[in-house]
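Student: I would like to learn how to read sheets, buried side chains and nonpolar cores from a set of coordinates. Could we work through an example together?

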Amino acid sequence: KLLSTKLPHCRENVCLAYGQEWSVYAVGSQAHVSFLDPRQPQSYVKSVSSRERGSGIRSVSFYEHIITVGTGQGSLLFYDIRAQKFMERLCQANHYSEKLKLKSCEEILKLTTGKGWLNHDETWRNYFSDIDHFPNAVYTHCYDSSGTKLFVAGGPLPSGLHGNYAGLWS
């Protein structure tokens, strides 16, 4: 055994990725991504909150300095390991913000999965038929070698539901 440490966030640790360029492991849990550097003391574990409550981190991957985080709500978030923050996108300025001379608001850059396929079986009819929409959790994702395309796959998060989603984004 080369390394063993207790993670600060230990609920639903369901995914792991290794960033070779950074020599860092990323572990996804219920509400955090924890970063472990085997070159640092075992007590040094940095964590960031997922910014999307209630669904958990379901997949993580590295591409250069960006850690892509797939959530149970069907979102992909992008964490910049150099800047040590989630990537943001600028919002459209509205009349109110212009009138008050406020800067453009910033929000987390987020991509969302599509509808996919959901089996409307007996479990769905008995327990979920009154719910209009189920996001597809992102259970796996990976970039192509050029970093310009991202394959994303997953399905419904609630236990007992059967379905799937797959997409290729560019």
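Tutor: Let us begin with a sheet, bearing in mind that this is a predicted model. Strands of a sheet pair through backbone hydrogen bonds, either parallel or antiparallel. Here, an open sheet of four strands has the order β1-β2-β3-β4, and its pairing is antiparallel.

Student: Which strands are the edge strands?

Tutor: They are β1 and β4 (residues 45–49), each of which pairs on one side only. From one strand to the next, the twist averages 20°.

Student: How many bridges join β2 to β3?

Tutor: These two antiparallel strands are joined by four bridges, and tyrosine 25 has leucine 36 in β3 as its bridge partner.

Student: Turning to a single residue, is serine 59 buried or exposed?

Tutor: A residue counts as buried under 20% relative accessible area; serine 59, at 4%, is therefore buried. This serine 59 belongs to strand β5 (residues 57–63), and a polar atom of its side chain lies 3.0 Å from the backbone oxygen of valine 138. Beyond its neighbours within four places in sequence, serine 59 has contacts that include Cys15, Thr68, Tyr139 and His141.

Student: Which residues touch the most other members of the largest nonpolar core?

Tutor: Of its 17 residues, they are Val33, Phe35, Val60, Phe62, Ile67, Val69 and Phe86. Strands β1, β2, β3, β5, β6 and β7 each supply at least two residues of this core, with the largest share, three residues, coming from β5. There is also a second, separate core of eight residues, including Ile66, Phe78, Leu150 and Tyr165.

How values were computed
Residues are numbered from 1 along each chain as its sequence is written. This is a predicted model: local features need pLDDT of at least 70, side-chain atom pairs count only at pLDDT 80 or more; totals for chains, interfaces and linings use all residues. Side-chain values use heavy atoms; hydrogens and water are left out. Buried means under 20% relative accessible area, exposed over 50%, partly exposed in between (1.4 Å probe, protein chains only). A polar contact is a pair of N or O atoms within 3.5 Å; within protein, one must be able to donate a hydrogen and the other to accept it, and residues adjacent in sequence count only if both atoms are side-chain atoms. Contact means heavy atoms within 4.5 Å. A nonpolar core is a set of buried Ala, Val, Leu, Ile, Met, Phe, Trp, Tyr and Cys residues joined through side-chain atoms within 4.5 Å. Two strands pair if DSSP finds at least two bridges between them. Axes are lines fitted to C-alpha atoms, for helices over the stretch in contact, and angles run from 0 to 180 degrees between N-to-C directions.
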